[in-house]
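Here is an informal walk through a handful of helix pairs and a few residues worth a look. Have the structure open while you read.

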Amino acid sequence: VNLSGARALSALKKDDLAEKMFTEASKTALRSWAQEQTAYAQAVFYIQNNKFAHALTQIDQFLEKNTPRSKHALFYFLKATIHLNGLYPNHEAALAELNKGLDLNPQFDRALKLKALVLEQQNKKDELVPVLKRIIEMDPQAALSKRLVSLLFELGRLDEAYATLAQLQEKTADFQYDLALLSWKLKHNHRALN
């Protein structure tokens with residue numbers, strides 16, 4: 001009841017009352033699922049109100065009291081988003097938190113996508129390749145596959161770029177041109193002419 005009340009007060013922008021209600025909800029949550037929901041909701045509340053230090057404290061207190069489970073990957077995702085907020089984002093801290101979350105739940109697609117974005121921003125191309133491959137395995141998308149091909153091409157990994165591009169099997173002229181270019185770079189001139 002306290003958690004529902006805190007969420008309602010937050011939605012109504014009665015932040016002082018909501019914060020008090022979240023604190024009360026934290027004190028009265030006896031079961032692990034209730035503690036988890038309360039900690040998550042309170043952390044999100046603090047993030048939405050730009051109280052990042054409070055959010056980190058809330059998350060850390062919850063994680064210290066509980067044995068890590070796959071569903072706790074979401075808390076590490078929240079910590080990563082906090083590290084990316086503000087004037088001076090801490091990309092390394094964000095990546096560390098994302099990696100902790102992905103260790104708990106390797107299939108957490110939002111964490112993988114955020115990790116890819118951070119690696120892209122930091123121009124860490126070699127580290128980005130396996131992350132993009134994992135995302136594509138989980139959710140095949142032509143746009144991501146094309147980004148992977150481009151990245152592999154930039155890194156000089158032409159065989160992988162060709163194999164990735166060939167899997168798309170598009171029928172456009174641009175697609176055929178890209179296949180021909182990669183074939184020519186790989187010195188497969190006959191295949192390039194075809």
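Let's start in a loop: asparagine 123 is exposed, with a relative accessible area of 53%. (Exposed means over 50% relative accessible area, buried under 20%, and partly exposed in between, with a 1.4 Å probe and protein chains only.) Before going further, note that this is a predicted model, in which local features need pLDDT of at least 70 and side-chain atom pairs count only at pLDDT 80 or more, while totals for chains, interfaces and linings use all residues. Residues are numbered from 1 along each chain as its sequence is written, and side-chain values use heavy atoms, with hydrogens and water left out.

**Two loop residues with positive phi**

Asparagine 123 sits in the loop between helix 7 (109–121) and helix 8 (125–138). Helices here are DSSP runs of H or I with at least four residues, numbered from the N terminus. What is the sign of phi at asparagine 123? Phi is positive there, about 60 degrees, although asparagine 123 is not a glycine. For context, most residues other than glycine have a negative phi. Lysine 187 also has a positive phi, near 65 degrees, and is not a glycine either. You'll find lysine 187 in the loop between helix 11 and helix 12 (189–193), and at 69% relative accessibility it counts as exposed.

**Three helix pairs**

Two packed helices are described by the angle between their axes and the distance between the axes. The axes are lines fitted to C-alpha atoms, for helices over the stretch in contact, and angles run from 0 to 180 degrees between N-to-C directions.

| Helix pair | Angle | Axis distance |
|---|---|---|
| Helix 7 and helix 8 | about 150 degrees | 9 Å |
| Helix 9 and helix 10 | roughly 160 degrees | within 8 Å |
| Helix 10 and helix 11 | roughly 155 degrees | within 10 Å |

Take helix 7 and helix 8, with an angle of about 150 degrees. That makes helix 7 roughly antiparallel to helix 8 (the label needs an angle over 145 degrees). Their crossing is left-handed, meaning that the near helix is turned anticlockwise from the far one by less than a right angle. On the helix 7 side, the contact (heavy atoms within 4.5 Å) includes Leu112, Ala116 and Leu119, and on the helix 8 side Leu128, Val131 and Ile135 are among the residues involved. By class, this contact has eight nonpolar, no polar and six charged residues. In that scheme Ala, Val, Leu, Ile, Met, Phe, Trp, Tyr, Cys and Pro are nonpolar, Asp, Glu, Lys and Arg are charged, and the others, Gly among them, are polar.

Next come helix 9 (residues 142–154) and helix 10, whose axes cross at roughly 160 degrees. Helix 9 is therefore roughly antiparallel to helix 10, and the crossing is left-handed. Helix 9 brings Ser145, Leu148, Val149 and Leu152, among others, to meet helix 10 residues including Ala161, Thr164 and Leu165. The class split is nine nonpolar, two polar and two charged residues.

On its way past helix 11, helix 10 makes a left-handed crossing, and the two are roughly antiparallel to each other. Among the residues in this contact are Leu158, Ala161 and Leu165 of helix 10, along with Phe175, Leu179 and Leu182 of helix 11. Here the residues divide into nine nonpolar, one polar and two charged.

**Residues around helix 10**

Is threonine 164 buried or exposed? At 13% relative accessibility, threonine 164 counts as buried. It belongs to helix 10, and a polar atom of its side chain lies 2.8 Å from the backbone oxygen of glutamate 160. Leaving aside neighbours within four places in sequence, threonine 164 is in contact with Ser145, Leu148, Val149 and Leu152.

Glutamate 170 is in the loop between helix 10 (158–168) and helix 11 (173–185). It is buried too, with a relative accessible area of 19%. Its side chain makes a polar contact with the side chain of lysine 146 at 3.2 Å (a polar contact is a pair of N or O atoms within 3.5 Å; within protein, one must be able to donate a hydrogen and the other to accept it, and residues adjacent in sequence count only if both atoms are side-chain atoms). Beyond four places in sequence, glutamate 170 is also in contact with Ala142, Phe175 and Gln176, among others.

**One more buried residue**

Phenylalanine 75, in helix 5 (residues 73–84), is buried with a relative accessible area of 2%. Not counting residues up to four places away in sequence, phenylalanine 75 touches Glu36, Ala39, Tyr40, Ile59, Phe62 and Leu63. The C-alpha atoms of phenylalanine 75 and alanine 39 are separated by 9.1 Å, with the two residues 36 apart along the chain.

Technical notes: Angles under 35 degrees count as roughly parallel, over 145 as roughly antiparallel, 65 to 115 as roughly perpendicular and the rest as oblique.
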